[in-house]
There are 2 protein chains.
Amino acid sequence: MTSKDTAVEDGKQHRYDPNFTQAVINATGPKATPRVRQLAASLIQHLHDFARENELAVDEWMQGVELMNAAGQMSNDKRNEGQLLCDILGLESLVDEITYRLASDATDEPTATAILGPFYRHNAPQRDMGACIVSDEINKQGDRTWMHGIVTDFRTGEPIEGAVVDVWHTAPNGLYEQQDPDQPEMNLRGRFTTGKDGTYNFYCLRPVPYPIPYDGPAGKVLKALDRHPMRPAHIHFLLTAPGYKPIVTQIFDRKSKYIENDAVFAVKDSLIVDFTPFKGDPNAEFELPYDFKMASFEDAKKHGV
Amino acid sequence: MTSKDTAVEDGKQHRYDPNFTQAVINATGPKATPRVRQLAASLIQHLHDFARENELAVDEWMQGVELMNAAGQMSNDKRNEGQLLCDILGLESLVDEITYRLASDATDEPTATAILGPFYRHNAPQRDMGACIVSDEINKQGDRTWMHGIVTDFRTGEPIEGAVVDVWHTAPNGLYEQQDPDQPEMNLRGRFTTGKDGTYNFYCLRPVPYPIPYDGPAGKVLKALDRHPMRPAHIHFLLTAPGYKPIVTQIFDRKSKYIENDAVFAVKDSLIVDFTPFKGDPNAEFELPYDFKMASFEDAKKHGV
């Protein structure tokens, strides 16, 4: 071993074996893919630096291991606690930003993205334009909202025909339908397909803030960090259109509590919207105009979005 | 948001929102303990740096989440897959080094430490000095070994009375007794208490290399990294004595395969030992002399060991 020699050679005082991390990185074999090799080296370096910089103690490390194991044990088809742990540390929002490479406040670009979150469901009902996604049986107390807008090509400004606007949001009690036995199947979900003019419209509710599940490891971390589990009121969207790059995003109510301190750090300025009082429609108290701008796959590649 | 202003102000091109990580760190509330605040800030910074430096994609991140969740789901009282994942990335060995602050090759210091590993059991049988920890019913094929030595105070060199040498190792098939239904309860485990002269001695086997469990997420990672799951032959020890800092360690057979590339990076030079042919004892083919040096709590504190 040359640890001490090295410590002398580079003129620094090494409290710990300065060759250890490189030895672990070098253990990766020749058949690992270049990407795996890169990610492993970087992860090992950061993990070790984290441990050294903070002089991580055995019991602190073991608490982290137990937290991770507990997160896995709590996860199932309906709940992803590992994802939730990442979310409260901002990692999903950051990876979303990295993947889409969009400035958070760009106005001359395609609609900004936001995290998918754990409550998306495939095969939401296909509904006619102008339909209401609110089940009549419940949600009497919610604020009915008329949402409408146009889906356009961000570069040409032309309307996009055949764009599918897939929408989902929580009930006034803060629960998505699959979390809540009292809500009908697929309540507050719908898919709307644009015609030639690219417009869409439907009735929904003005959403409310709600807590992410905090009865597990993520809740434990939030408590230790003296943080709340609340998300500001938002509506989720997944937009797809033939020839266009899909957009996963959320829009946020400017007047909502927690708009400045979302527990999962998903808010971007360009995704903040205004619900305005709506006159003349007995079915809606509020109006919410919002346009989506999509990038063709070609443009997305060209502009790196 | 001032992300663009900041990017201009500090004269750098920021590909991603330069304020994001600090915003996540700043979310920690006033009631978090100073240590939690420090660890959270450092963890968030390293996680985000890892994501940015490698331009981590959504599907790569999600694969990591699923791996962590699977590790938790595989863990139980007998198996800790989260710990195993840390071990193959060298984290347990590093935390061990940090906690004990020992140079890896020091000779004038207390016995170096090594990781506890997942196979320790409380309440191994208390045995008389000179006893054999090998069950007669099995392990006929192993190499019987006479291990002996003295437990001393590292500073004064005086023998320590009442030191408990708690030992455990694998059977010739590479399995610890709790992994193997064919081994009797507590096979290859024992606790020996020193008398006034500080010496200890017992019969054991010369251990063999074995693989860490590789049928789960840790095995998946090893495969992706093109690495083997093998550990060099070793014997585990936990030493305790009244008034002395406990020592968790392992000693490694110099002639063992994998001594240069332990899958969990636990080998230290000062813990490598020689099994020598032993003449004149019909019960043992090999002899293994090894002395342990312990630090009193007072010395441990004074010398930072």
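What follows is a chat about the contact between two chains and a sheet in a predicted model.

Trainee: Hi! What should I know before I start?

Mentor: This is a predicted model, where local features need pLDDT of at least 70 and side-chain atom pairs count only at pLDDT 80 or more, while totals for chains, interfaces and linings use all residues. Residues are numbered from 1 along each chain as its sequence is written, chains are lettered from A and ligands numbered from 1 in the order in which they are written, and side-chain values use heavy atoms, with hydrogens and water left out.

Trainee: Thanks! How many residues does each chain put into the contact?

Mentor: Chain B gives 74 residues and chain A gives 73 residues, with contact meaning heavy atoms within 4.5 Å.

Trainee: And what area do chain B and chain A bury between them?

Mentor: About 6,600 Å², with 64% of it on carbon and sulfur atoms. Buried area here is the accessible area (1.4 Å probe) that two parts lose on being put together, summed over both.

Trainee: How many salt bridges are there between chain B and chain A?

Mentor: The count is 2 salt bridges, each being a side-chain nitrogen of Lys or Arg within 4 Å of a carboxyl oxygen of Asp or Glu. B:Glu60 forms one with A:Arg35, and their closest N and O atoms are 2.7 Å apart.

Trainee: Nice. Which helix of chain B gives the most to the side that touches chain A?

Mentor: Helix 3 of chain B, with 16 residues. That helix spans 34–53; helices (H or I, at least four residues) and strands (E, at least two) are DSSP runs, numbered from the N terminus.

Trainee: What rotation superposes chain B on chain A?

Mentor: A rotation of 180° with 0.0 Å of shift along its axis, at an RMSD of 0.1 Å. The two copies are thus related as by a two-fold rotation axis. The fit is by least squares on the C-alpha atoms of residues with pLDDT of at least 70 in both. In chain B, the C-alpha nearest the axis belongs to B:Gly72, 2.0 Å from it.

Trainee: Changing topic: in what order do the strands of the open sheet in chain B come?

Mentor: The 5 strands run in the order 3-2-7-8-9, with mixed pairing; two strands pair if DSSP finds at least two bridges between them. Strand 3 (189–193) and strand 9 (272–273) of chain B stand at the edges with a single partner strand each, so one side of each is left without a neighbour in the sheet.

Trainee: How do strand 7 and strand 8 of chain B run?

Mentor: Antiparallel, joined by 7 bridges. B:Phe237 stands opposite B:Thr249 in strand 8 of chain B.
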